[in-house]
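Reader: I am new to this structure. Please take one part and walk me through it closely, from the part itself out to what surrounds it.

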Amino acid sequence: MTEQKHKFKAEVQQILDLVVHSLYSKKEIFLRELISNASDAIERAQFEALTDPSITGGDAEWKIRIVVDRDARTLTVSDNGTGMTAGEIESNIGTIASSGTRRFLEAMKKEGKQAGPELIGQFGVGFYSAFMAADRVTVLTRKAGGDKGVKWSSDGGATYSLEDAEKPARGTDVTLHLREDASEFMEPWRIREIVKRYSDYIATPILLDTGAKDDAGAGPINSMKSIWRKARDKVNDEEHAEFYRHITHDTGKPLRVIHYAAEGATEFRALVYIPEKAPFDLFMPARRSGLHLYVRNVLITPECRELLPEYLRFAAGVVDSSDLPLNVSREMLQDNATIRRIRKSLVGKVLSELNDMKEKDRASYAKFYAAFGAVLKEGIPSDPDNTGKLADLLLFHSTFALDSASVSLREYAGRMKPGQKAIYYMPADSVESAAGSPHMEIFKKRGFEVLFMTDPVDEWVTMHLDEYDGKPLAAVNRGDVELGEEDAEEKKKREEERDGAAGEFRALLDFMRAELQDDVQAVRVSERLTDSAACLVGDGNAPDPRLERIMRAMNRDMPPVKRILEVNPKHQLLSAMKARFDADPKDLSLKDYTRMLYDQALLVEGTPPKDPSAFAKRIASLMADAMAAGGKSI
Ligand code: ADP
């Protein structure tokens with residue numbers, strides 16, 4: 001192939017434009033990005049060589065070299081890793097397949113240019129950072145196992161060129177023609193400083209060749225010690241932060257570091273980070289996730305999903321096992337006894353560390369929970385072996401904690417009132433609608449705490465979590481919820497009142513039931529309402545209205561569920577309706593009032609009325625009547 005000019009894809013051009021013209025702060029990170037790419041390429045080649053040693057061509061002395069040519073004003077980062085074919089270089093560097101670019105640009109807009117250089121690494125566009133320091137970059141590369149090289153070159157403008165080129169051995173040389181203001185990157189001390197700061201843990205030796213006498217025969221400038229192989233107390237926070245950044249591309253710091261070595265039946269080392277913030281794609285199925293799996297310091301896969309269950313997918317890190325064979329295939333990982341044992345240990349460890357954080361550092365745990373609580377809850381339906389531990393990690397808003405999700409089940413259970421039999425909760429779309437729900441009235445009056453279940457996933461949590469610490473969980477919008485123990489006298493009085501009202505209202509209730517026969521299964525006198533006129537309650541095992549809405553939103557078929565309309569006989573509206581009914585049971589307005597009572601009971605539970613425009617018309621006409629009659633406020 002003779003030299004050919006190619007145009008960058010439009011998005012790449014936008015990034016280049018930014019890099020070349022706007023991002024100057026912390027230029028030095030380009031070296032970190034290039035070394036990180038070189039190290040990845042070497043780890044991939046090492047893995048490939050496990051099954052096909054011939055690709056090394058006899059050279060298994062893995063290394064990264066940094067070469068400075070002062071006369072030419074160039075800096076070259078060179079690796080003997082897997083290299084690229086012409087096609088690969090085009091798709092990896094000329095275009096950006098992932099949606100990373102667009103996200104990068106969006107994030108730049110949001111966070112400002114200062115954050116730019118850091119964001120570059122985060123969105124998988126690290127290579128382009130070379131243009132912060134260079135006005136021309138060339139990549140000379142040869143694929144491992146291939147027989148010829150290819151040269152890519154660009155000045156960061158609209159085009160790049162690609163041509164066949166001589167390259168004696170596999171690997172990649174990335175050469176930066178340094179800008180006037182980037183001369184510092186030719187200084188040995190500066191290069192050492194940067195490598196020490198960002199790339200010390202890289203497992204491959206990094207050699208420096210600046211032509212200076214003191215480099216000759218000098219050893220690696222990085223310590224090469226894998227961070228997870230060091231003793232726990234020998235790794236400081238900065239090293240963790242840098243390594244965490246390397247594996248996650250997250251610019252933040254880990255919230256918690258879990259670093260341990262397991263001995264005994266299964267031996268492995270694990271270094272697991274709990275991030276502080278949720279990545280944008282936490283709920284996307286195609287998201288990259290999983291821990292890096294090493295076998296005796298060789299990277300087998302950077303995304304081993306088998307090591308942790310889905311509900312812990314926010315954790316990032318490394319497992320290094322000495323019990324797996326080096327030639328373990330990715331397929332083998334799916335059903336492997338060693339992996340299963342490691343996974344069990346990791347799950348136990350992560351859950352106990354989270355619990356420890358919750359007990360001892362509530363502020364950090366609250367951050368964690370705000371970011372990942374909804375993911376963690378997925379474990380309740382999916383990991384029955386750990387229900388108890390997971391239940392202990394949950395936090396909720398409650399009538400006693402309206403401002404933040406801060407009440408654990410243990411705390412709730414510890415302050416239950418004498419005689420209170422169940423852990424009460426209210427499913428709702430928001431804290432506000434839960435707190436204001438008519439279902440809460442009796443519980444507030446009696447001083448019972450009620451938890452608010454406002455996450456959609458809570459529907460699955462409550463389906464699988466029947467009890468905590470021997471106490472049943474009970475939804476307060478259920479028809480059969482137990483209202484707590486009263487003394488016999490009180491109970492008798494309450495039942496007499498109810499039966500009395502039921503008798504008195506019998507004819508009206510029958511009328512309402514007939515009006516609403518397609519929508520409700522019964523209309524009855526309520527014992528739970530004090531201020532509101534009506535509410536709907538579920539019966540037996542019928543799904544909660546919110547679950548119905550969620551399922552419908554997911555396009556799942558759900559047979560309509562008929563609930564029970566409960567009315568408050570002490571409410572003015574009911575006495576007025578009764579008076580009108582007694583005067584003339586055929587009064588047409590009673591139909592409208594019945595329908596409206598039902599519609600507003602739907603509204604407060606978050607379900608829209610079946611015919612919202614009819615509802616609005618009725619309200620408007622009522623308002624008009626009320627105003628004409630001199631009514632001022634409602
Ligand atoms: P990222 O490394 O986050 O994917 P980059 O822009 O730094 O993003 O690199 C893009 C891709 O180019 C890499 O994923 C890799 O496939 C390829 N690449 C970059 N540098 C090298 C290298 N030294 N050897 C082999 N492939 C490389």
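Author: What follows starts with one helix, moves to a domain interface and ends with salt bridges.

This is a predicted model, where local features need pLDDT of at least 70, side-chain atom pairs count only at pLDDT 80 or more, and totals for chains, interfaces and linings use all residues. Residues are numbered from 1 along each chain as its sequence is written, and side-chain values use heavy atoms, with hydrogens and water left out.

Start with helix α7, residues 188-198. Helices (H or I, at least four residues) and strands (E, at least two) are DSSP runs, numbered from the N terminus. The buried residues of α7 are Pro188, Arg190, Ile191, Ile194, Val195 and Tyr198. Buried means under 20% relative accessible area, exposed over 50%, and partly exposed in between (1.4 Å probe, protein chains only). These residues cover an arc of only 165° around the axis, so they sit on the same side of α7. The arc is that of the directions from the helix axis to the C-beta atoms. An α-helix has 3.6 residues a turn, so residues three or four places apart point the same way.

What covers that buried set? The cover includes α2 (29-51), β2 (64-69), β3 (74-79), β8 (206-209) and α8 (237-248).

Look next at Glu242, which lies in helix α8. Glu242 counts as buried because its relative accessibility is 12%. Leaving aside neighbours within four places in sequence, Glu242 is in contact (heavy atoms within 4.5 Å) with Arg32, Arg197, Tyr198 and Tyr201.

Now the domains. The assignment gives domain 1 (4-215), domain 2 (227-364) and domain 3 (505-538 + 560-628). These bounds come from an automatic or database domain assignment. Domain 1 and domain 2 bury about 1600 Å² between them, 58% of it on carbon and sulfur atoms. Buried area is the accessible area (1.4 Å probe) that two parts lose on being put together, summed over both.

Salt bridges cross this interface too: the rule finds 2 between domain 1 and domain 2. A salt bridge is a side-chain nitrogen of Lys or Arg within 4 Å of a carboxyl oxygen of Asp or Glu. The side chains of Arg245 and Glu33 meet in a salt bridge, 3.7 Å from N to O. On the side of domain 1 that touches domain 2, the elements giving two or more residues are α2, α5 (116-122) and α7. There, α2 gives the most, with 8 residues.

Side chains of opposite charge can pair when their charged atoms come close. The structure holds 48 salt bridges. One of them joins Arg256 and Asp356, at 2.8 Å from N to O. Arg256 is in strand β9 (residues 256-262) and Asp356 in helix α9 (residues 337-360), 100 residues apart. Arg256 counts as buried at 18% relative accessibility. Asp356 counts as partly exposed at 26%.

Further along, Asp458 pairs with Lys377 in a salt bridge, the closest N and O atoms being 2.9 Å apart. Asp458 lies in helix α16 (residues 458-464) and Lys377 in helix α10 (residues 362-377), so the pair ties together parts 81 residues apart in sequence. Asp458 is buried, with a relative accessible area of 2%. Lys377 is buried as well, at 3%.
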